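Trainee: I would like to take a close look at a single part of this structure, and to follow it slowly. Could you guide me through it once it is in front of us?

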Amino acid sequence: MRIARSAANLAPADVGDHVCWVVPPQEDFHRAARAYLSDGAELGDKIMVVGSPASVWHEFQAPVGLLVDPFAEGPGRGWDADALVALVRQEAETADRQGFRALRVLAQMDRIWASDISPQQVADQELRLDALIGGTQALVVCAYPGLGFLPGILSQAASVHPHFAGTRTAMPPFQMFSSGEDCWSVAGVVDADGATAFFTAVTELLPGTVALRLRCDALELMDVAGMRALARAAGTYPGRKILVENANTTVRRCWELLGYDDPGVPVELVP
Amino acid sequence: MTSPPAAMTAGGNRPPAFRHELYPYEGDAAFVAGAVSFIEDALSGDETVLVAVGEDKQAMLRDELGKSGADRQVSFVDTGALGRNPGRLIPAWQDWIAKSVGDGLPVRGISESPWRTASPAERGELRYHEWLLNLAFSASPAWWLLCPYDTTTVEPAALDSARLCHPFQLADGRHGDNPVFRQGPFAFDDLGAACDPGETLEYGPGALAAVRDKVAVCATGHGLQGARLRELLVAATEVASNSIRHGGGSGTLRTWVADGVLICEFHDAGHIEDPLAGRFRPAVRQIGGRGLWLVHQLCDLVQIRSTPEHGTTIRLSTVLD
């Protein structure tokens with residue numbers, strides 16, 4: 001079972017991880033990125049950089065390394081919706097066939113996303129990528145330069161990865177991630193600071209299923225804004241419902257006190 | 001004991017309305033006499049009777065009413081389940097009355113607050129609750145609430161305050177107008193000085209986690225854990241969110257423990273205009289108005305002091321076991 005984690009750096013990254021790295025100043029980025037890739041090379045991982053051919057790359061050449069630069073297809077245009085997910089899937093399978101321990105990816109998101117990417121697109125892409133990573137021998141670090149994206153994009157991105165690296169102030173209050181087929185985990189606190197990102201993540205997942213399962217074993221708290229977001233999201237797609245599993249007694253009590261246990265709200269809190 | 005005035009009965013000239021009546025009495029015998037007379041009047045008119053008093057008074061009434069079998073026609077409601085916070089009483093009465101009104105019957109209630117066992121802070125909020133009842137039920141279906149006060153045990157300040165906020169009284173065996181009643185703003189007690197509050201946290205947008213961290217450090221240091229801790233953290237999050245959203249964008253937080261009670265004090269520049277904010281159960285489709293409601297349900301006591309001049313101070317109390 002995957003467990004959410006927040007850390008100051010990339011040191012804890014391991015196979016199966018999907019890390020949102022809110023990138024510190026440029027010098028730190030190069031040093032930390034090089035260390036992350038070097039660790040992989042030593043451990044027998046296949047290295048893939050999706051992004052700039054600049055300094056972090058030149059030490060890792062084929063066959064161990066692979067460089068894909070989305071800017072080659074036109075700066076700022078971004079990839080189509082499935083390109084990153086398809087690339088990671090394909091290269092993870094290739095790395096496995098080639099006998100590598102795992103595929104180790106550093107994705108520079110400012111060279112992957114279009115400059116005008118929306119929070120909805122970020123949530124959709126990252127959650128699909130996470131579902132893939134959870135079931136493959138890959139670890140992916142999505143590097144989001146703090147100065148390269150609007151705060152809303154950064155908070156959305158951080159909340160749809162199971163793992164986070166960066167400063168404490170940039171840590172997301174909650175993390176949503178894949179925990180099996182058609183099942184998602186919610187960890188941390190869904191409060192007013194994260195309610196918009198939570199609503200976006202849930203509404204991006206709902207179209208893909210009749211009953212969206214949210215495992216809440218690691219959900220500590222959900223405040224009024226979070227619960228309102230959940231109820232609103234559930235009502236966005238008529239005919240679908242959300243199953244909130246294993247929520248603690250406080251979440252359950254607050255849900256009932258706020259009257260959201262009304263049969264008209266398509267959310268069920270189940271054991 | 002006289003019967004109720006015609007104005008309060010179905011055939012009266014005045015429109016039916018909420019009748020909030022003070023009953024100062026001296027000792028248990030007087031309590032039983034006044035309450036039983038009130039109940040018997042109600043039952044003779046086929047009215048529904050709800051009684052919310054302490055266990056000792058409940059036993060007295062059951063004994064007395066049991067002599068005629070009338071105890072079986074009275075609903076004794078469990079105020080113990082509501083906890084110590086008077087902020088939960090108005091929605092409870094709303095629920096109880098809604099059930100009775102749904103049966104198509106007029107309603108009478110008897111409510112005696114636990115003045116003897118309440119802390120000074122709780123007594124202050126009980127007094128405010130009595131004042132709020134007039135506002136809360138001004139537009140409700142007609143019902144009559146008798147509030148007994150034992151003059152041998154209730155502190156004089158509480159009784160004086162009660163006299164000001166009950167439009168009617170039962171005195172000398174007669175139900176009538178209360179000449180001392182005043183319609184006006186409530187005179188709050190001062191909150192009193194903070195007790196060794198330590199550092200003050202200034203919070204703003206994006207700082208809800210820091211607010212929870214500060215509360216958690218103080219709470220866990222005094223043994224609070226599990227669901228009680230989580231509930232306090234939810235309440236603290238709601239109050240801080242209100243500061244950020246409605247209180248000028250920022251606020252301050254202080255925490256301390258005094259007399260076995262953990263207190264979290266929030267202050268911001270906003271003004272809560274509605275004195276009934278948080279006192280009504282929100283409708284499921286309602287937009288807004290849920291935060292303070294939830295805070296009242298989760299905390300042992302909520303004290304709100306809000307003016308346009310001085311902003312808003314909210315103290316959340318959690319009794320440490």
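Trainee: Which residues of the largest nonpolar core touch the most other members?

Mentor: Please keep in mind that this is a predicted model. The largest nonpolar core has 126 residues, and those that touch the most other members are A:W21, A:A107, A:V141, A:C142 and A:Y144. If we take A:V141 from that group and leave aside its neighbours within four places in sequence, we find A:V141 in contact with A:L10, A:A13, A:V19, A:W21, A:Y36, A:V105, A:L106 and A:A107. Two of these partners, A:W21 and A:A107, were already named among the core members with the most contacts to others. In soluble globular proteins, nonpolar side chains tend to be buried together. Another core, of 37 residues, lies apart from the one we have been following, and it includes B:Y25, B:V49, B:I97 and B:A136.

That second core leads us to chain B, whose domain assignment gives domain 1 (6–177) and domain 2 (201–319). The centres of domain 1 and domain 2 of chain B, taken over C-alpha atoms, are separated by 30 Å, while 13 residues of domain 1 of chain B are in contact with 14 residues of domain 2 of chain B. On the side of domain 1 of chain B that touches domain 2 of chain B, α3 (89–102) and α4 (120–136) of chain B each supply at least two residues, and α4(B) gives the most, with six residues. Sorted by class, that side of domain 1 of chain B has six nonpolar, three polar and four charged residues.

Terms used
Residues numbered from 1 in each chain as written. Chains lettered and ligands numbered in written order. Predicted model: local features only at pLDDT ≥ 70, side-chain atom pairs only at ≥ 80, totals over all residues. Core = buried A, V, L, I, M, F, W, Y, C linked by C-beta atoms within 7 Å. Buried ≥ 20, exposed ≤ 12 C-beta atoms within 10 Å, placed from the backbone. Contact = placed C-beta atoms within 7 Å. Domains from an automatic or database assignment. Helix = DSSP H or I, 4+ residues; strand = E, 2+ residues; numbered from the N terminus. Nonpolar A, V, L, I, M, F, W, Y, C, P; charged D, E, K, R; others polar.
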